[in-house]
Amino acid sequence: MKDTLLTRRYAKAYLEYAIQNQMTDEGLSDMQTISETINESRELRRILSEPFITDNKKNDILIRVFKGNVSDKTLNFISLMIDKNRSDIIADVYEQYRELYNEYNNIAVVTVTTAVKIDETMTQKFLYFVKDVVKGNIQIVNDIDEKIIGGFIIRRGDYVYDASVRTKLKNLAKIFSENLYVKGY
């Protein structure tokens with residue numbers, strides 16, 4: 001992400017625009033589509049970042065790529081960003097918009113890191129586990145990291161609850177590395 005403050009400002013402006021036009025859900029979907037498309041296409045990223053390509057040309061290219069896939073209101077907002085010479089951060093606005101969208105809709109995103117993918121039953125158990133700590137609508141995101149060996153790590157903002165096997169093994173190694181031998185016994 002290039003400039004978090006700048007992308008957050010544009011994301012906030014887009015959220016306000018989406019609220020006024022009653023299209024917050026559609027806006028989230030549109031921004032996700034735009035972000036994924038730009039991030040997957042090296043040529044499109046290069047076109048948007050090149051200063052010698054005119055704003056009109058960038059606008060025409062984006063309209064051709066996204067017409068029919070995203071709303072015209074979203075295309076208007078993207079055109080505004082291009083007119084303000086912010087075409088290089090269009091893909092980055094999605095992450096900030098998603099965070100603002102979640103705040104606006106009172107959605108708390110909780111990341112559960114496990115060694116394997118969790119099923120719906122385990123998701124419900126984690127939901128029950130965090131519902132007293134986290135207020136609002138809870139969305140569980142499963143992050144898979146085989147390095148934790150087993151157990152789980154729960155993250156919500158700055159809060160981390162680590163019940164992974166890797167951490168328990170590190171704690172045991174630290175305990176065993178201390179010299180517990182006392183001479184004379």
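## Notes on the predicted fold

1. Let me start with one pair in the sheet: Thr 111 has Arg 155 of strand 3 as its bridge partner. Strand 1 (residues 107-114) and strand 3 (residues 151-156) run antiparallel to each other and pair over four bridges. Two strands count as paired if DSSP finds at least two bridges between them. The strands and helices in this note are DSSP runs numbered from the N terminus, with at least four residues for a helix (H or I) and at least two for a strand (E).

2. Before you go further, please keep in mind that this is a predicted model, in which local features need pLDDT of at least 70 and side-chain atom pairs count only at pLDDT 80 or more, while totals for chains, interfaces and linings use all residues. Residues are numbered from 1 along each chain as its sequence is written, and side-chain values use heavy atoms, leaving out hydrogens and water.

3. Strand 3 has another antiparallel partner, strand 4 (residues 159-164), and the two pair over six bridges. Here Arg 156 stands opposite Tyr 159 of strand 4. The hairpin of strand 3 and strand 4 has two residues between the strands, and Gly 157 takes a positive phi there, near 65 degrees.

4. Which residues of helix 3 are buried? In this helix (residues 42-49), they are Leu 44, Ile 47 and Leu 48. Buried means under 20% relative accessible area, exposed means over 50%, and partly exposed lies in between, with a 1.4 Å probe and protein chains only. The three residues lie on the same side of helix 3, because they cover an arc of only 95 degrees around the axis; that arc is taken from the directions from the helix axis to the C-beta atoms. Their cover includes helix 2 (24-40) and helix 4 (55-66).

5. Ser 87 is worth a look in the same context. Ser 87 sits in the loop between helix 5 (72-83) and helix 6, and with 6% relative accessibility it counts as buried. Leaving aside residues up to four places away in sequence, Ser 87 touches Leu 48, Lys 58, Met 81 and Ile 82, where contact means heavy atoms within 4.5 Å. Ser 87 and Lys 58 are 29 residues apart in sequence, and their C-alpha atoms are 8.2 Å apart.

6. How many salt bridges does the structure hold? There are four, each being a side-chain nitrogen of Lys or Arg within 4 Å of a carboxyl oxygen of Asp or Glu. One of them joins Arg 8 and Glu 99 at 3.6 Å, N to O. Arg 8 belongs to helix 1 (residues 4-20) and Glu 99 to helix 6 (residues 93-104), so this pair ties together parts 91 residues apart in sequence. Arg 8 also bridges to Glu 103, with the closest N and O atoms 3.5 Å apart. That second pair again links helix 1 with helix 6, over 95 residues.

7. The accessibilities of these side chains are easy to compare by eye. Arg 8 is partly exposed at 29% relative accessible area, as is Glu 99 at 41%, whereas Glu 103 is exposed at 54%. Elsewhere, Asp 72 and Lys 67 form a salt bridge, their closest N and O atoms being 2.9 Å apart. Arg 8, Glu 99 and Glu 103 are joined into one network by salt bridges that share partners.

8. For the surface, look at Ile 149, Val 165, Leu 169, Leu 172, Ile 175 and Phe 176, which form a nonpolar patch with about 580 Å² of accessible area together. Areas come from the Shrake-Rupley method with a 1.4 Å probe, and for residues only the protein chains shown count as cover. Patch members have over 30% relative accessible area and no salt bridge; nonpolar side chains (Val, Leu, Ile, Met, Phe, Trp, Tyr) are joined within 5 Å, and like charges within 9 Å. Within the patch, Leu 169 lies in helix 8 (residues 165-177) and is partly exposed at 45%.

9. Finally, Ile 144 is in strand 2 (residues 137-144) and is partly exposed, with a relative accessible area of 45%. Apart from residues up to four places away in sequence, Ile 144 touches Thr 114, Ala 115, Val 116 and Lys 117.
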